[in-house]
Amino acid sequence: MAIAALRRYWRPYVWLLLAAGVAAGYAGGLDAQPAAPAPRVLLTEENGVIGVATARQIARAIDKARTEKASALLVRLDTPGGLVSSTREIIKAMVASPVPIIVYVAPSGARAASAGTYITYASNLAAMAPGTNIGAATPIELGGLPGMPQQKEKDKKSDAETTAPQRKAINDMVAMLRSLAQLRSRNVEWAEKAVRDAATLTAPEALKENVIEIVAGSVDDLLAQADGRKVTVDNRTLTLATKGATIDTYEPDWRTRALSAIADPNIAFLLLMIGFYGILLEFWNPGTFVPGVVGAISLILALTALSALPVHYGALGLLVLGIALMIGEALTPGFGILGLGGLAAFIVGGIFLFEGGDSDIEIAVSMPLLIGFALTSAGLIFGIVGAAMNARRRPPVTGSEQLVGSRGEVVEWHGSTGQVRLLGEIWAARGAQSLKPKDLVRVTGREGLTLIVES
């Protein structure tokens, strides 16, 4: 009885407690906010010479970062420089990007030279790893060949001695880098020195000179230091949220990799030679198809690559002329003058093939590759010439020329005419001498189907 009474006494309070718990849980659910998603950063690697493939890769990476609403696009950079036209395309894409772009010169030992300096200045936030360097943005026509010692200050040309095209080129590059420095609030004076005097800085020096904003030893360190910094993107001031961000790597697609491969000057030169010789072999041996198909494909790929490289068209003409002269030597064997001239034109054309003004570094065909192709071509051509000369010295083995000088046996003879057996055949013959069967005779000529013989 006591237990039943206790149950009746506590039952209303139990229901009240349960109702209060449900109400509190519901209210808590209304007040709770969903957890904010972790920030995402898109990372792309740009190593090597700046070219059309690099411009395509960065443009596609910007578009992917925008589509996926990434907090920032991180470009890890290591370059000696590259094409001016491609650099300008990259800069235009970076300045117009709706996503903040961080350029990180890394890893240690990397550099942002020449075109890399402009790309770093165009970024919303610039960073370098310890042991890296930046600068040397002088155009190649004015700064000399890479690896060559720079002139001393007293030996440099004065403005009066510098040609108008040189002054125009360098002032244009200075203006571009100064405008980027002003846009990103970086050191304008050093930007001009990087172009005019090929000035360079290490990572700590670049930080001190306000060329970059961060020196970081790793990507995680960089993102931690970048977190909370304000940048201007598309005329809007944004605060970076990168600490602890999820990093997604954006790899180049197969088209970009293929374009990067064929845009190498050595690959372009190789494809050009395969294209020329493949088509020539098809003409020499019609109907085989394989050399023609391979040659045509290679030639189209080579022309695509040449459109992306600073080609000197005079040198390209010399290259084609050299091949034509060597082929002419093979088709009309003489004393080798055409072949030697073609070999010289081929080598000179290959050396100066990529001497255009659209690059801030030296782009050239590898000398061993060029010499190897020249010697191979010369060997083939002069081998054909040698074979032709040997064939000319050998006695004929077919036709009427083969019969002259051959010896036969008289089968029958009447007066000055008769028949002789020669090389297993019976021929009509005539001669000035009286002959009898089984006499041996020598052929001295032929008139139609009648041999002229003598004993």
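Rings of Phe, Tyr and Trp, the last taken by its six-membered ring, pair if their centres lie within 6.5 Å, and planes under 30 degrees apart count as stacked. By this rule the count comes to 2 aromatic pairs. One of them is formed by Tyr-121 and Trp-190, with 6.5 Å centre to centre and 5 degrees between the planes, and is stacked. This pair links distant parts of the chain, since Tyr-121 belongs to helix α4 and Trp-190 to helix α7 (residues 188–196), 69 residues apart. The model in which these rings are placed is predicted.

Both rings of the pair belong to residues that are shielded from solvent. Buried means under 20% relative accessible area. Tyr-121 has a relative accessible area of 0% and is therefore buried. Trp-190 is at 5% relative accessibility, so Trp-190 counts as buried too.

Helix α4 (residues 115–122) also contains Thr-117. The relative accessible area of Thr-117 is 0%, so this residue is buried. Its side chain has a polar partner: the side chain of Thr-117 reaches the backbone nitrogen of Gly-135 at 3.2 Å. Leaving aside residues up to four places away in sequence, Thr-117 touches Ala-112, Ile-134, Gly-135, Ala-137, Leu-177 and Trp-190. Trp-190 thus appears twice, as a contact of Thr-117 and as the ring partner of Tyr-121.

At the scale of the whole chain, there are 16 helices and 16 strands. The chain has 455 residues, of which 39% count as buried. Among contacts between residues at least 6 apart in sequence, 65% join residues at least 24 apart. The chain exposes about 24700 Å², and carbon and sulfur atoms supply 61% of that area.

Next comes the sheet. Strands of a sheet pair through backbone hydrogen bonds, either parallel or antiparallel. Here 6 strands form an open sheet in the order β8-β5-β3-β2-β1-β11, and the pairing is parallel. The edge strands are β8 and β11, each of which pairs on one side only. At one edge, β5 and strand β8 (residues 214–215) pair in the parallel sense over 2 bridges. At the other edge, β1 and β11 run parallel and are joined by 4 bridges, with Leu-43 having Thr-249 in β11 as its bridge partner.

Strand β5 (residues 125–128) can be followed residue by residue. In a regular strand the side chains alternate between the two faces of the sheet. Leu-125 and Ala-127 point one way from β5, while Ala-126 and Met-128 point the other way, and all are buried. β5 has a partner on each side in the strand order. Strand β3 (residues 101–105) pairs with β5 in the parallel sense over 4 bridges, and Tyr-104 stands opposite Ala-127 in β5. In β8, the bridge partner of Ala-127 is Ile-214.

Helix α9 (residues 219–226) has as its buried residues Val-219, Leu-222, Leu-223 and Ala-226. Seen down the axis of α9, these buried residues fall within an arc of 95 degrees, so they line one face of the helix. The spacing has a general background: an α-helix has 3.6 residues a turn, so residues three or four places apart point the same way. What covers the buried residues of α9 includes β1 (40–47), β2 (72–78), β3, β5, β8 and β11 (246–249). Each of these strands is named in the order of the open sheet. After α9 comes Gly-228, whose phi is positive, near 90 degrees.

Some backbone geometry remains to be described. Most residues other than glycine have a negative phi, and most peptide bonds are trans. The peptide bond from Ala-106 to Pro-107, however, is cis, with omega near 0 degrees. Pro-107 is found in the loop between β3 and β4 (111–113).

Ala-136 has a positive phi of about 55 degrees and is not a glycine. It is found in the loop between β6 (133–135) and α5 (140–143). With a relative accessible area of 27%, Ala-136 is partly exposed. Asn-235 is likewise not a glycine and has a positive phi of about 65 degrees. Asn-235 has its place in the loop between β9 (230–233) and β10 (236–239). Exposed means over 50% relative accessible area, and because Asn-235 is at 78% relative accessibility, it counts as exposed.

Note on methods: Residues are numbered from 1 along each chain as its sequence is written. This is a predicted model: local features need pLDDT of at least 70, side-chain atom pairs count only at pLDDT 80 or more; totals for chains, interfaces and linings use all residues. Side-chain values use heavy atoms; hydrogens and water are left out. Buried means under 20% relative accessible area, exposed over 50%, partly exposed in between (1.4 Å probe, protein chains only). A polar contact is a pair of N or O atoms within 3.5 Å; within protein, one must be able to donate a hydrogen and the other to accept it, and residues adjacent in sequence count only if both atoms are side-chain atoms. Contact means heavy atoms within 4.5 Å. Two strands pair if DSSP finds at least two bridges between them. Rings of Phe, Tyr and Trp (its six-membered ring) pair if their centres lie within 6.5 Å; planes under 30 degrees apart count as stacked, over 60 as edge-to-face and the rest as tilted. Accessible areas come from the Shrake-Rupley method with a 1.4 Å probe; for residues, only the protein chains shown count as cover. The arc is that of the directions from the helix axis to the C-beta atoms.
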